[in-house]
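Student: Got a minute to go through a model with me? I'd like to start with the overall layout and then get into details.

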Amino acid sequence: MADLLRRVAERADTTAFRELYQTYGPRVKAYMMRLGADAGTAEDLAHETLFTVWRRAALYRAEKGSVASWIFAIARNLRIDRLRREVPWQQLAQEHFEEASGEALPDAALSEKERQARVHAALSNLPPEQHEVVVLSYLEGLSHGEIAQRLGLPLGTVKSRIRIAYQKIRTALEDLR
Amino acid sequence: MSITHHLDDATLMSFAAGALPSALSAVAAAHVAMCTRCRGEVAALERVGAALLTQLPAVGMERAEPETPSDQRLPPSQQRRDRSAGPMPSATPLARLLPGGLAAVRWRRLGFGIWHHRLPVAGSGTLGLLKVAPGRIVPEHGHGGAELTLVLGGSFHDTTGRYRTGDVADLDETVEHEPVADLGLDCVCLVASETPARFRGLFARLVQPWHGL
């Protein structure tokens, strides 16, 4: 995926872009629909997400995060801007900014595939009640308070489930960072 | 900058997921921009987002083939980049919140050595700057929801520790505290609350007209 993106950045390679579009477009559309957009709006936002990828390809830095994380971050920000009509404050960590420097870089020798595989495995190994709060955060965009309300749980319970879930994912990634 | 107080893991996940209320997100983003450790955490949490996104069953696109708009046919490197705001901000959160810097802030005096400046924010919650004179106390208060306090200058302490520039106090509804500005400098903080703070006693009546502190 990083290679496809490099071809887009360096040569405006439309074949490479089409492949990225066909891989991620339908997923981003599904993500927007999970977050409450109707099919037409979701498709427009998916389209815009991928064209943001096209336009910003030269800013992407593979050593700062995977292509999928970058696309997720772009989709998340578009969703906050368009569906919630709020200001996305999150900066895109996978991009290169002149003002940022001296970052601790993850070991480039470790394969991106391995990292993704570990995150997938850690997520699928979570007990259902922990998996649920993670999904409600990412795929329904619910705040801690809204999750507590939805599940009829005390706020403290929601937060501790999220903390434990993240602790497990972090452990899975630990020796890879 | 040596930062010792970070965002809570639950706050970090909500921030990376795009689920944190807007006012809290602004403060979280300002801390993350200053803190290498929390930037690493957000990057890891965005991998979680990527994993969840790629696991979603694909929903077919009506437009299976991307039509590249003519104005976007230029190689990306030759295109104009918006480097300030918009959905993909590159300016730091503080630069966006305070375009004129702290020096341009028009403080509103609350009395007792405390000043406040409210910042506009979309959605629920309140966002503002608080300036506390050296040695002065922000009277004991609790919160209806989460509160994030990022130190921008000076330092303060309360029962949970001492907070210096870059440190963030990530407190929830269970905490009641009475922060005291340390001697030497005014303590300036960026504060977001999910719901306005609840002060006890006299101070509450005095600052009530400036609801939203």
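Tutor: Let's take the chains one by one, then a helix, the core and the contact between chains.

Student: Sure. Is this predicted or experimental?

Tutor: It's a predicted model.

Student: OK, how many helices and strands are there in chain A?

Tutor: Chain A has eight helices and zero strands. Going along the sequence, the pattern reads α-α-α-α-α-α-α-α.

Student: And what about helices and strands in chain B?

Tutor: Chain B has five helices and 11 strands.

Student: What share of each chain counts as buried?

Tutor: In chain A, 42% of the 177 residues are buried. For chain B, the figure is 38% of 213 residues.

Student: How about contacts between residues far apart in sequence?

Tutor: Take the contacts in chain A with a separation of at least 6: 62% of them join residues at least 24 apart. In chain B, residues 24 or more positions apart account for 70% of the contacts with a separation of 6 or more.

Student: Switching topic: which domains is chain A divided into?

Tutor: Domain 1 covers 2-82 and domain 2 covers 112-176. Their C-alpha centres lie 24 Å apart.

Student: How many residues of the two domains are in contact?

Tutor: Four residues of domain 1 of chain A are in contact with six of domain 2. The domain 1 side of that contact splits into two nonpolar residues, one polar and one charged.

Student: Let's look at helix 8 of chain A. How many residues has it got, and how far does it reach?

Tutor: Helix 8 of chain A runs over residues 155-173, so to speak 19 residues, and reaches 27 Å from its first C-alpha to its last. That's close to the 27 Å expected at 1.5 Å a residue.

Student: Which of its residues are buried?

Tutor: A:Val158, A:Lys159, A:Arg161, A:Ile162, A:Ala165, A:Tyr166 and A:Ile169. Looking down the axis of helix 8, these buried residues fall within an arc of 160°, so they line one face of the helix.

Student: Why does that kind of spacing put residues on one side?

Tutor: An α-helix has 3.6 residues a turn, so residues three or four places apart point the same way.

Student: Which exposed residues are on the face turned away?

Tutor: A:Gln167 and A:Thr171 sit on the face of helix 8 of chain A turned away from its buried side.

Student: And what covers the buried residues?

Tutor: The cover for helix 8 of chain A includes helix 5 (112-124), helix 6 (128-139) and helix 7 (144-151) of chain A. Helix 1 (9-17) and helix 3 (36-55) of chain B are also part of that cover.

Student: So chain B comes in there. How many residues does each chain put into the contact?

Tutor: Chain B puts in 56 residues and chain A 73. On the chain B side, helix 1, helix 2 (22-34) and helix 3 each supply at least two residues. Helix 3 of chain B gives the most, with 15 residues.

Student: What's the breakdown by class on the chain B side?

Tutor: It has 30 nonpolar, 16 polar and 10 charged residues.

Student: Last thing, the largest nonpolar core. Which residues touch the most other members?

Tutor: Of its 100 residues, those are A:Ile71, A:Ile74, B:Ala26, B:Val27, B:Ala28 and B:Val42. Helix 3 of chain B gives the most to this core, with 10 residues. Domain 1 and domain 2 of chain A both give residues to the core, so it lies between them.

Student: What's B:Val27 in contact with, ignoring neighbours within four places?

Tutor: B:Val27 is in contact with B:Leu148, B:Leu150, B:Leu190 and B:Ala192.

Terms used
Residues numbered from 1 in each chain as written. Chains lettered and ligands numbered in written order. Predicted model: local features only at pLDDT ≥ 70, side-chain atom pairs only at ≥ 80, totals over all residues. Helix = DSSP H or I, 4+ residues; strand = E, 2+ residues; numbered from the N terminus. Expected span 1.5 Å × (residues − 1). Buried ≥ 20, exposed ≤ 12 C-beta atoms within 10 Å, placed from the backbone. Arc of directions from axis to C-beta. Contact = placed C-beta atoms within 7 Å. Domains from an automatic or database assignment. Nonpolar A, V, L, I, M, F, W, Y, C, P; charged D, E, K, R; others polar. Core = buried A, V, L, I, M, F, W, Y, C linked by C-beta atoms within 7 Å.
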